[in-house]
Every structure is written in structure tokens, then in C-alpha cells.
Amino acid sequence: MATLVGGPSAVQQATAEVQKICDEVKHHAEEKAGKKFAAFIAKSFTTQVVSGTNYFIKVNVGGEEFVHLRVHKSLPHSGEKLQLHSIQTSKTQQDLIEYF
């Protein structure tokens with residue numbers, strides 16, 4: 001099935017690029033969640049092309065605990081850094097990555 005313009009991509013296994021994005025926003029994710037994470041390992045993700053790219057990333061934060069991140073990566077010409085828009089905590093390995 002084709003992806004709709006502006007719609008989310010299919011879920012994919014995390015790549016080195018996605019892990020790098022997670023590494024860059026980890027501090028902000030910990031601030032928003034109000035706690036430090038024992039681990040921060042990207043497991044899977046989906047993207048949405050807007051004026052840049054929204055990444056929806058499932059991250060293992062230790063043991064069986066996961067969080068979902070929504071990170072915006074601006075278009076290259078804007079010169080802006082990655083922005084963590086939101087985080088969903090108390091997720092599991094089985095929880096689907098959905099728009100939030």
C-alpha cells in the first residue's frame with residue numbers, strides 16, 4: 001500500500017542515523033520525562049514528511065520499559081537543530097508507534 005503524502009511511513013527497524021537522533025535528544029527527553037534513563041536504544045521508527053521530517057521513534061530505556069519520541073528534523077537550509085516535540089512514557093515493546 002502506498003504512503004499518503006504527508007502520512008506516516010511504514011515502521012522500520014532503527015538505523016544508525018535514528019540512533020544518532022536519539023543520542024542528540026536524550027537529555028531533552030529525560031527533562032520532559034522527569035527522570036534519567038538507564039539505556040536509550042532506538043528500536044524502530046516511522047517518519048512523516050512535512051516541512052522537514054517528523055520522526056516517531058520507539059526507544060528502549062532499560063529493561064522492558066520503552067518511550068516513544070516525536071522529533072522534528074528541519075530542512076537543511078533552515079539551519080535549525082533537532083527538536084523533541086513530545087515524549088510518551090510507560091510504553092511496551094508491543095505498543096504501536098502512532099502519531100502523537
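The following exchange goes through strands, helix, core, aromatic pairs and salt bridges of a predicted model.

Colleague: In what order do the five strands form the open sheet?

Modeller: The pairing in this sheet is antiparallel, and its edges are strand E1 (12-13) and strand E5 (83-91), each of which pairs on one side only. Reading across the open sheet, the order of the five strands is E1-E2-E3-E4-E5.

Colleague: How many bridges join E1 to E2, and which residue is the bridge partner of Gln-12 in E2?

Modeller: E1 and E2 run antiparallel, and two bridges join them. Gln-13 stands opposite Ser-44 in E2, while the bridge partner of Gln-12 in E2 is Phe-45.

Colleague: How many residues lie between E2 and E3 in their hairpin?

Modeller: These two strands run antiparallel and are joined by nine bridges, among them the one in which Val-50 has Gly-52 in E3 as its partner. E2 covers residues 41-50 and E3 covers residues 52-62, and the number of residues between them in the hairpin is one.

Colleague: Across which strands does helix H1 lie, and at about what angle does H1 run to E5?

Modeller: Helix H1, made up of residues 16-33, lies across E2, E3, strand E4 (65-73) and E5. Relative to E5, the helix runs at about 75 degrees.

Colleague: Which element gives the largest share of the largest nonpolar core?

Modeller: This core has 18 residues, of which Phe-40, Ile-57, Val-59, Leu-69 and Val-71 touch the most other members. The elements that give two or more residues to the core are H1, E2, E3, E4 and E5, and the largest share, five residues, comes from H1.

Colleague: Which residues does Val-71 touch, not counting those up to four places away in sequence?

Modeller: Val-71 is one of the core residues that touch the most other members. Leaving out residues up to four places away in sequence, the contacts of Val-71 are Ile-21, Val-25, Thr-53, Asn-54, Tyr-55, Ile-57, Leu-82, Gln-83 and Leu-84.

Colleague: Is the aromatic pair of Phe-37 and Phe-40 stacked or edge-to-face?

Modeller: A search of the whole structure finds four aromatic pairs, and in the one formed by Phe-37 and Phe-40 the rings are 5.7 Å apart centre to centre, with 25 degrees between the planes. Both Phe-37 and Phe-40 are buried. Because planes under 30 degrees apart count as stacked, the pair of Phe-37 and Phe-40 is stacked.

Colleague: How many residues apart in sequence are the parts that the pair of Phe-45 and Tyr-55 ties together?

Modeller: Phe-45 and Tyr-55 form a tilted pair, 6.3 Å centre to centre and with 35 degrees between the planes, and both residues are buried. Since Phe-45 lies in strand E2 and Tyr-55 in strand E3, the pair ties together parts whose separation in sequence is ten residues.

Colleague: Which residues do ring pairs link into a cluster?

Modeller: The search for aromatic pairs gives four in the whole structure. Ring pairs also build a cluster, and its linked residues are Phe-56, Tyr-99 and Phe-100.

Colleague: Which residues are linked with Glu-30 in a network of salt bridges?

Modeller: The count for the structure is four salt bridges, and in one of them the side chains of Lys-26 and Glu-30 meet at 3.9 Å, N to O; these residues are four apart in helix H1, which means that they are separated by about one helical turn. Glu-30 also forms a salt bridge with Lys-36, whose closest N and O atoms are 3.7 Å apart. Glu-30 is buried, at a relative accessible area of 10%, whereas Lys-26 counts as partly exposed at 28% and Lys-36 is exposed at 66%. The network thus joins Glu-30 with Lys-26 and Lys-36.

Colleague: How many residues apart are Glu-65 and Lys-35, whose pair links distant parts of the chain?

Modeller: The side chains of Glu-65 and Lys-35 meet in a salt bridge of 2.8 Å, N to O. Glu-65 is partly exposed, with a relative accessible area of 28%, and Lys-35 likewise counts as partly exposed at 38% relative accessibility. Glu-65 belongs to strand E4 and Lys-35 to the loop between H1 and E2, and their separation is 30 residues.

Methods:
Residues are numbered from 1 along each chain as its sequence is written. This is a predicted model: local features need pLDDT of at least 70, side-chain atom pairs count only at pLDDT 80 or more; totals for chains, interfaces and linings use all residues. Side-chain values use heavy atoms; hydrogens and water are left out. Rings of Phe, Tyr and Trp (its six-membered ring) pair if their centres lie within 6.5 Å; planes under 30 degrees apart count as stacked, over 60 as edge-to-face and the rest as tilted. Buried means under 20% relative accessible area, exposed over 50%, partly exposed in between (1.4 Å probe, protein chains only). Two strands pair if DSSP finds at least two bridges between them. Contact means heavy atoms within 4.5 Å. Axes are lines fitted to C-alpha atoms, for helices over the stretch in contact, and angles run from 0 to 180 degrees between N-to-C directions. A nonpolar core is a set of buried Ala, Val, Leu, Ile, Met, Phe, Trp, Tyr and Cys residues joined through side-chain atoms within 4.5 Å.
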